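Visitor: Could you show me how to read the burial and packing of a helix from coordinates alone?

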Amino acid sequence: LAETPRLLAAIMVSLKLQKRLSVLKCGKRKIWLDPNEVQEISLANSRQNIRKLEKDGYVIRKPTKIHSRSRVHRRQEAKAKGRHTGHGKRKGTANARMPVKVLWMRRMRVLRRMLRKYREAKKIDKHMYHELYLQCKGNRFKTKRNLMETIHVRKSERAREKAIAEQAEARKAKAAAARARKAAARTAASNEKN
């Protein structure tokens with residue numbers, strides 16, 4: 001006669017205690033008990049006995065199950081190239097996916113960092129720094145390149161104005177010197193006549 005399930009259950013021994021006593025430093029679900037040595041294992045009722053069984057290889061810690069992320073990594077690499085990001089894959093609005101505020105903050109930080117560097121390197125003075133800082137805040141510059149070009153234009157204009165002013169000063173000084181010479185010549189001539 002074939003053994004009924006109830007009879008089988010009676011024959012099988014509960015090894016919950018042995019799993020709990022195990023000193024493998026893992027949960028009960030991770031412990032493997034040798035099905036061929038059930039009788040011997042069932043007799044072990046102390047940690048010392050269980051240690052002996054572990055040494056004999058009747059009680060083993062199961063290897064950790066592998067949950068591979070290789071597919072995830074592959075997909076992320078493809079996404080970095082721009083795949084799988086079409087209209088059908090998008091859930092949120094454009095602003096939810098990449099907020100306008102975040103873009104604005106990034107741009108401001110880039111431009112302000114550049115202005116600070118230029119000021120510290122003495123490429124621009126504090127007055128030009130303040131002027132350009134306010135213009136950055138007012139959304140005048142789209143990129144670093146725009147800001148750099150504006151700085152170069154401003155500096156060249158200032159240099160030109162300075163050169164023109166210096167030339168004017170030189171002309172004035174020259175004219176004043178000529179006037180002084182003429183006045184001296186006149187006074188000398190009048191003195192000679194007298």
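Visitor: Which residues of α9 are buried?

Guide: Buried means under 20% relative accessible area, exposed over 50% and partly exposed in between, with a 1.4 Å probe and protein chains only; in α9, these are L147, T150, I151 and R154. This is a predicted model, in which local features need pLDDT of at least 70 and side-chain atom pairs count only at pLDDT 80 or more, while totals for chains, interfaces and linings use all residues. Residues are numbered from 1 along each chain as its sequence is written, and side-chain values use heavy atoms, with hydrogens and water left out.

Visitor: Why might such residues recur at intervals of three or four?

Guide: An α-helix has 3.6 residues a turn, so residues three or four places apart point the same way.

Visitor: What do the buried residues of α9 pack against?

Guide: They pack against α7 (100-120) and α8 (126-137), where helices (H or I, at least four residues) and strands (E, at least two) are DSSP runs, numbered from the N terminus. Taking contact as heavy atoms within 4.5 Å, and leaving aside neighbours within four places in sequence, L147 is in contact with L111, M114, L115, L132, C136 and F141.

Visitor: What is the expected span of α9, and how far apart are its end C-alpha atoms?

Guide: The expected span of a helix is 1.5 Å times one less than its number of residues; the 50 residues of α9 (residues 144-193) should therefore span 74 Å, and the end C-alpha atoms are 73 Å apart, which agrees.
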